[in-house]
Number of protein chains: 2
Amino acid sequence: MRHAVILAGGSGTRLWPASRRAKPKQLLPLGPGGEALLSAAVRRGRAVAGARVMIVTADEQVTATRAVEPDVEILAEPVARNTAAAIGLAAATLLRRDPDAVMVILPADQHVRDEAELARILDQGLAAVEHDDAIGTVGITPTRAETGFGYLEVEPGAVGLVDVKRFVEKPDRETAQRYFESGTYLWNAGMFFASARRILAELETHLAPTARAVTAIAAGGDAAALYAPLLKISIDHAVMERASRVVTIPASIGWDDVGSWAAIADVRGTDASGNTVDEHALVLDGTGNIVLSDDGTVIATVGVSNLVVVKSGDAILVIAKDSAQDVRKVVDALAAKGLAKYL
Amino acid sequence: MRHAVILAGGSGTRLWPASRRAKPKQLLPLGPGGEALLSAAVRRGRAVAGARVMIVTADEQVTATRAVEPDVEILAEPVARNTAAAIGLAAATLLRRDPDAVMVILPADQHVRDEAELARILDQGLAAVEHDDAIGTVGITPTRAETGFGYLEVEPGAVGLVDVKRFVEKPDRETAQRYFESGTYLWNAGMFFASARRILAELETHLAPTARAVTAIAAGGDAAALYAPLLKISIDHAVMERASRVVTIPASIGWDDVGSWAAIADVRGTDASGNTVDEHALVLDGTGNIVLSDDGTVIATVGVSNLVVVKSGDAILVIAKDSAQDVRKVVDALAAKGLAKYL
């Protein structure tokens, strides 16, 4: 049967001050109408797997996650150990229930504008891995020369289910521009499809201790003791880059990683002045701003553009939109100053 | 005897959100070490008048003013009626106590770096008006081509007490540049010196209803009824521009009108990175910023420069420093939206 696994393990400091250690970004009401990113991911899982949706998250985030999605099964990792271990744990758990389990794996912190098209693509991918033991990843057709994502190389003119020639790491700006113009590179979106059996077999080949541990945990073993020693490695590095028969489906679905405040404009949309604001914002003589306040505090901006201004709890961030990735510097500086209470 | 009159009637929306209708800017702890601008003005008055300092303020601001300066006499205007009426009321009040009263009149919302030099200049001015019935104003030697102030024209090479040839209104940019280069124009700082008798005589000539009303109030008349009908006009327009024997003393005293957030950098100074910050600010990769928070809310900025970011109470302002005068637009927009609670 078809299952959807939502990976909700991130800490998301890049959306500080809204995201904090105790409140990761997938739980924040950042979507249209205040929807949590996690809830949007669950909806996309249900579109292809019905009620068989499972959220994998770290033990310390279970309570907060359940508050947002009370009706979805939660599989708790004792500690966060990156995606190879998390996906392995989900695969081993599903395999014990359903030897024919096929899975789509969806990150919890992404934005997809065309969910119907994504459902069509995931259906196609699941159908493929039900009768063929391929392992697949959704390949996003690039819309810009992005340096923040890994890429998949495919043959020219790829349509539908095609082989991945190779995975490539995040490129520099020049290489990203070449990839963007080539038409033969897709973004690696972190959305996978495969049978649970194939995933465990690949882990057994490339990351045997993880395969053994997750299988033992699924069989009732001591999760805390078995899981903690596992390598922190992504499924991409551990498996996808080294596996055979890796396929992808080029997808134009209005996808974006909600990896920084700059991406929130796509998620929430902009007003007639080109600003992304909530009801507490007053933006005068400016465009391209993202201005959000989590309470009744009014934020007035005058004569500034392409700026992110976010008030959340006891902190305010002001950052140029095109350097929104640098919010990490703030997090690091606060930690260095002993101001961890703001993290 | 010598008296100092501090004019503390302004509402100061240009320092929103710190200044509010109920908390005008002269009462804010904006100076070094959190000193109120009003307290600095009182100190400058005491330097030339000893204990004979009087604050003139609107009735509704008396309580807040007394909280900041409990030991200074406060003369309450029933309603704000601009500086001609306020100075007239002070002059009439002092004249009943002291027929030989001479006054320095000091606005409450200014910054003076060299207070000793100002005291020397005010002493010189007071000495002049004690034996000669001139009316005088301190003329600030311009340090930039400022368009926000009125100017005084004097003869070339003016030093010490000199005649004012004429008063001129706020110039456009080109004219301001010409004034700045000429060496014969001084800023009109709103600091005056004259005998109380001369001030009332000038008001009698140019603004007789005001002269009669303030004299009646000083004699015990019904202040509320007498004061409310008075014209709202500045002492500059009502008297100084039309009086004879107007003198000035060119002054290089590090003076500035604290008329906008941009001026706060001069008042408070800057750190090694060129930013004006308080202990709640974390400014990364930027210079020329003014970042102030009135409570424990941390404000982090990354990669922005020459920006004003101020959190005060239930409001946050983000504005380019060189358009800091436009904060009035925010105040107007909030009022237009029915959000007067933020004013």
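Which residue of β18(B) is the bridge partner of I299(A)? In this predicted model, the answer is I316(B). That bridge belongs to a pairing between the chains: strand β16 of chain A, residues 298-302, lines up with β18(B) in the parallel sense, and five bridges hold the register. The reverse pairing turns up as well, with strand β18 of chain A (residues 315-320) joined to β16(B) by five bridges, again in parallel. Here L317(A) has A300(B) as its bridge partner in β16(B). As a reminder, strands of a sheet pair through backbone hydrogen bonds, either parallel or antiparallel.

Zooming out from the single bridge, β16(A) and β18(B) sit within an open sheet of six strands. Reading across, the order goes β14(A)-β16(A)-β18(B)-β17(B)-β15(B)-β13(B), and the pairing is mixed. At the edges are β14 of chain A (281-284) and β13 of chain B (276-277), each of which pairs on one side only. A helix goes with this sheet too: α11(B) lies across β14 and β16 of chain A together with β18 of chain B. Relative to β14(A), α11(B) runs at about 130°.

Now for the interface as a whole. On the chain B side, 30 residues are in contact with 30 residues of chain A. The elements of chain B that supply two or more residues to this side are β14 (281-284), β16 (298-302), β17 (307-312), β18 (315-320) and α11 (327-336). Of these, β18(B) gives the most, with six residues. Sorted by class, the side of chain B that touches chain A comes out at 21 nonpolar, five polar and four charged residues.

Elsewhere in chain B, two helices pack against each other. Helix α3 (residues 82-97) and helix α6 (residues 196-206) of chain B meet at an angle of about 130°, with their axes 9 Å apart. Because of that angle, α3(B) counts as oblique to α6(B). The crossing of α3(B) past α6(B) is left-handed. From α3(B), the contact draws on A84(B), I87(B), G88(B), A91(B), A92(B), L94(B) and L95(B). From α6(B) come A196(B), R197(B), I199(B), L200(B) and L203(B). By class, the residues of this contact split into ten nonpolar, one polar and one charged.

Back in chain A, there is a run of parallel pairings among the early strands. Strand β1 (residues 2-7) and strand β2 (residues 53-58) of chain A run parallel and are joined by four bridges. One place to look is V5(A), whose bridge partner in β2(A) is M54(A). On to the next pairing: β2(A) is joined to strand β3 of chain A (residues 73-77) by five bridges, also in parallel. In that pairing, V56(A) has L75(A) as its bridge partner in β3(A).

Finally, a loop residue of chain A. T270(A) is found in the loop between α10 (264-268) and β13 (276-277) of chain A. Is T270(A) buried, exposed or partly exposed? T270(A) has 15 other C-beta atoms within 10 Å, so T270(A) is partly exposed. Leaving aside residues up to four places away in sequence, T270(A) touches A265(A), N275(A) and T276(A). As for N289(A), T270(A) is 19 residues away from that residue in sequence, and the C-alpha to C-alpha distance between them is 9.0 Å.

Note on methods: Residues numbered from 1 in each chain as written. Chains lettered and ligands numbered in written order. Predicted model: local features only at pLDDT ≥ 70, side-chain atom pairs only at ≥ 80, totals over all residues. Contact = placed C-beta atoms within 7 Å. Nonpolar A, V, L, I, M, F, W, Y, C, P; charged D, E, K, R; others polar. Pairing = 2+ DSSP bridges. Axes fitted to C-alpha atoms, helices over the stretch in contact; angles between N-to-C directions. Parallel < 35°, antiparallel > 145°, perpendicular 65-115°, else oblique. Left-handed = near helix turned anticlockwise from the far one by under 90°. Buried ≥ 20, exposed ≤ 12 C-beta atoms within 10 Å, placed from the backbone.
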